[in-house]
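Good morning, colleagues. I should like to take you through one structure, beginning with its overall form and then turning to a few individual residues.

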Amino acid sequence: MTKIKCTISYDGTNFSGFQIQPRQRTVQGELEKALRRIHKGEHIRIHASGRTDTGVHAKGQMIHFKTAYQLPVNNWKMAINTLLPDDLYVHEVENADDTFHARYDVMEKEYRYYVWNEREKDVFRQHYYYQFPYRLDMNAMQRACNFLEGEHDFTTFSSAKASIKGSKIRNMYEVSCNREGSTIEFVFRGSGFLYNMVRIIVGALLDIGQGKRDSDDIAKLLMKKDRRLLGDTVPAQGLYLWKVTYK
């Protein structure tokens, strides 16, 4: 058996998330359907670096699968892409070591979140940005980002619905926000992420940008370990799984 590693991207707008679900259109479902056709009806299970929710996009999601077929990597890329829908694409295919695992070997992930900071609606951005019409203090938000970098318990910034057991300590290597015109880009690089963590953090930073909270509130919120202290989770459409780095 050969282990194949793929870098993929997808527009999450019309997917019910990554993970396969009965009677739902999912990224995993479309990929496994394509591989089943290539393998003449045999089910091929794929493994991803992590799941994304409904509406979340990916620029650099990573997957792997095992196959008895021996094909050049370029042939794999062409064969899979020929069978995929237009909102899902395989960018790169590599032969992986037998020990490689797309999820368990992750060293670092990068997510980005995009906000369209305008009062007027832009119909061409509505599936790819979170439109936020209020004035924001970027300096205050940037100061708040500094409190999130490093190793912390992110319980306050994790969904109460999270099924994960054990430690909620994560190491954030970079948390930043920058403005270009009406677009605000948030960048998050870390060892791992909890369920809805990025979207909850963005909501807190937007509160700070509006003056509803102080920048140093972040340190207090981390210490409290209580999700109820923060408001709603921001929408999914502004979130992108940008890059996955391996050991």
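Helices (H or I, at least four residues) and strands (E, at least two) are DSSP runs, numbered from the N terminus. On that basis, the protein chain holds five helices and 10 strands. Its radius of gyration, taken over C-alpha atoms, is 19 Å. The globule rule, which is 2.2 Å times the number of residues to the power 0.38, gives 18 Å for 247 residues, so the chain is as compact as a globular protein of that length.

Please note that this is a predicted model, in which local features need pLDDT of at least 70 and side-chain atom pairs count only at pLDDT 80 or more, while totals for chains, interfaces and linings use all residues. Residues are numbered from 1 along each chain as its sequence is written, and side-chain values use heavy atoms, with hydrogens and water left out.

Along the principal axes, the C-alpha atoms fill a box of roughly 60 × 40 × 30 Å. Contact here means heavy atoms within 4.5 Å. Among contacts with a separation of 6 or more, 69% join residues 24 or more positions apart.

How much of the protein chain is buried? Buried means under 20% relative accessible area, exposed means over 50%, and partly exposed lies in between, with a 1.4 Å probe and protein chains only. Buried residues account for 53% of the 247.

Let us now look inside. In soluble globular proteins, nonpolar side chains tend to be buried together. A nonpolar core is a set of buried Ala, Val, Leu, Ile, Met, Phe, Trp, Tyr and Cys residues joined through side-chain atoms within 4.5 Å. The largest such core here has 70 residues, and I8, F157 and F186 touch the most other members. Helix α4, residues 197-209, gives the most to this core, with nine residues. Setting aside neighbours within four places in sequence, F186 is in contact with ten residues that you can trace on the screen: Y111, R112, Y113, V115, M141, S176, C177, V202, L205 and L206.

Next, T7, which is placed in strand β1, residues 2-10. Is T7 buried or exposed? Its relative accessible area is 15%, and T7 is therefore buried. Beyond residues up to four places away in sequence, T7 touches G60, Q61, M62, Y89, V90, H91 and E92. T7 and I63 are 56 residues apart along the chain, yet their C-alpha atoms are separated by 6.7 Å.

By contrast, K247 is exposed, with a relative accessible area of 74%. K247 is found in the segment after β10, which spans 239-246. Leaving aside neighbours within four places in sequence, K247 is in contact with Y104, D105 and M107. From K247 to F100 the C-alpha distance is 9.9 Å, with their positions 147 residues apart in sequence.

I close with two backbone angles. Most residues other than glycine have a negative phi. R23, which is not a glycine, has a positive phi of about 60°. R23 is found in the loop between β1 and α1 (27-38), and R23 is exposed, with a relative accessible area of 81%. K40 also has a positive phi, near 55°. K40 lies in the loop between α1 and β2 (46-48) and counts as exposed at 71% relative accessibility.
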